[in-house]
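Reader: Hi, can you walk me through this one? I'd like to know how its parts fit together.

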Amino acid sequence: MAGGLTPSFIKSPLTKERIDVLTRHTTYPANKLKAQLDFVPAVDIPHRDLPDVEISQMLPYMTMNTSKKKICLVSAIPMSLNVFMRPHIDMLAEQYDVTLIANGAVEEFLMAKEWGVHVVPVAIARDIQPFQDLRALLTLMRIFKSAHFDAVHSITPKAGLLSMLAAAWTGVPIRIHTFTGQVWATKNGWVRKGLKALDKLIARCATSLLTDSPSQKDFLVNEGIVRQEKIKVLGKGSVAGVDVLRFKPNALARKHIRTELNISDSAVACLYLGRLNPDKGVQDLAQAFAQIAAQVHNAHLLVVGPDEANMADLIEKTLAECRPQYHRVGFTTQPEDYMAAADLLCLPSYREGFGSVLIEAAAVGCAGTGFPTFTASPMLSTMARPVYCMSPKMWRKLRRVC
């Protein structure tokens, strides 16, 4: 046996705690462990330090006998689970055995230990990658078949497509997908038709569908993606509402962030908070702010969030002449502090659904502005805080807001 362990040691009773320790040293065949455990491993338990361990080999930890019903939440990136699904996971974990699946390292699931949930990283690409997508689909099928989930809930387009297909083919009884925006909304021709067909496939495989706003529900129904009776909106919209105990005016946070970034109290701070991606319109915002900064010298732009598409350099070049007024911050676990520090939140996305960031900013006391998209416009017009809705050509007039 590897690791210097004798067969007699293996025959002794094994607890879950000892399995956790033992698997740091060696690999045990599932058939030898079967008689020793109170759960049945789906595959051999792997050596923890091997770099090429298959993700689905973590299944032994997910096939434990439990009286709780088992729910799996799937996203292409951990960020969607950490941010948007956090309130749902908080409550689900109190009553159910919850597993989270996304494309990322275990460490990226920020609240996993606090929630007491299982985490299984699976390489789900956000863009179209046929071979990787097929591999991810087969991995999800293996996981769903072995874990016997009672329900699978997906969010983000690619995760929805792969997990709804896998869940349907493996007989998961409850299959839910949440639509939060359509990739094809800004496309034309055969690309639009092809992507729409994939959304229709998601809708067909799911047993229930959710969306984050009444206007997006109407859009999906009118575009023939789903039947009216199959899709619902939770409450009055958004993925999970707003935690008003967290998102609230905070003078101390405002002072701290402004001091840290060298922004004076009298300055006007514009904030973009989210992923750096072309579809988010961040480059448009940078071009607009470059014009503003040339005329409004106490205007500042904060760009906060992970760079998904290597856009940071492009934005910095665009804002080269006003570099002291531009502040780049990476991913943060405290978005509410930056909202408190800002005067205006900018959401220039081309295809946003119900932008949770806007209502969170409103709760903090920060005004918001965004493009009039097919689903965002009705939401923007009903915001409690001032919200400015502009077309891309009007971004140069953003200085009037400042």
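## Talking through the model

Author: Start with helix α15, residues 356–364. There, 8 of the 9 residues are buried, so the helix is largely enclosed by the rest of the structure. Keep in mind that this is a predicted model.

Reader: Which residues of α15 are buried?

Author: Ser356, Val357, Leu358, Ile359, Glu360, Ala361, Ala362 and Val364.

Reader: And what comes just after α15?

Author: Glycine 365. Its phi is positive, at about 105 degrees.

Reader: OK, zooming out. How many helices and strands are there in the protein?

Author: The protein has 17 helices and 13 strands. It has 402 residues, and 50% of them count as buried.

Reader: What about the surface?

Author: About 19500 Å² is exposed. Carbon and sulfur atoms supply 55% of that.

Reader: Now the inside. Which residues have the most contacts in the largest nonpolar core?

Author: Val74, Ile101, Ile124, Phe144 and Val152. That core has 36 residues.

Reader: Which elements give two or more residues to this core?

Author: Strand β1 (70–75) does, and so do helices α7 (130–147), α8 (157–169), α9 (189–205) and α10 (214–222). The most comes from α8, with 7 residues.

Reader: Why would such residues group like that?

Author: In soluble globular proteins, nonpolar side chains tend to be buried together.

Reader: Pick one. What is valine 74 in contact with, leaving aside its neighbours within four places in sequence?

Author: Valine 74 is in contact with Ile101, Ile124, Phe144, Val152, His153, Ser154, Ile155, Ala159 and Ser163. Apart from this core lies another one, of 24 residues. Ala267, Leu273, Ala341 and Val364 are among them.

Reader: Val364 was in α15, right?

Author: Yes, Val364 is one of the buried residues of α15.

Reader: Switching topic. How many aromatic pairs does a search of the whole structure find?

Author: The search finds 1. Phenylalanine 144 and phenylalanine 149 form it, edge-to-face. Their centres are 5.9 Å apart, with 80 degrees between the planes.

Reader: Are those two phenylalanines buried or exposed?

Author: Both phenylalanine 144 and phenylalanine 149 are buried.

Reader: Next, sheets. What is the strand order in the open sheet of 7 strands?

Author: The order is β3-β2-β1-β4-β5-β6-β7, and the pairing is parallel. The edge strands are β3 (118–121) and β7 (231–233), each pairing on one side only. On average, neighbouring strands are turned by 20 degrees against each other, direction ignored.

Reader: How many bridges link β2 and β3?

Author: Strand β2, residues 97–102, pairs with β3 over 4 bridges. Across that pairing, threonine 99 stands opposite histidine 118 in β3.

Reader: Which strands does α10 lie across?

Author: β5 (174–179), β6 (208–211) and β7. Helix α10 runs at about 165 degrees to β7.

Reader: Last one. Where is alanine 269?

Author: Alanine 269 lies in strand β8, residues 268–273. Its relative accessible area is 0%, and under 20% counts as buried, so alanine 269 is buried.

Reader: What is alanine 269 in contact with, beyond its neighbours within four places in sequence?

Author: Arg258, His300, Leu302, Ala341, Ala342, Asp343 and Leu344. Leucine 301 is 32 residues from alanine 269 in sequence, yet 5.9 Å away in space, C-alpha to C-alpha.

Reader: What about such long-range links overall?

Author: Take contacts between residues at least 6 apart in sequence. Of these, 62% join residues at least 24 apart.

Methods:
Residues numbered from 1 in each chain as written. Predicted model: local features only at pLDDT ≥ 70, side-chain atom pairs only at ≥ 80, totals over all residues. Heavy atoms only, no water. Core = buried A, V, L, I, M, F, W, Y, C linked by side-chain atoms within 4.5 Å. Buried < 20%, exposed > 50% of the residue type's maximum accessible area, 1.4 Å probe, protein only. Contact = heavy atoms within 4.5 Å. Phe/Tyr/Trp six-rings, centres within 6.5 Å; stacked < 30°, edge-to-face > 60°. Pairing = 2+ DSSP bridges. Axes fitted to C-alpha atoms, helices over the stretch in contact; angles between N-to-C directions. Areas by Shrake-Rupley, 256 points an atom, 1.4 Å probe, with all protein chains shown as cover.
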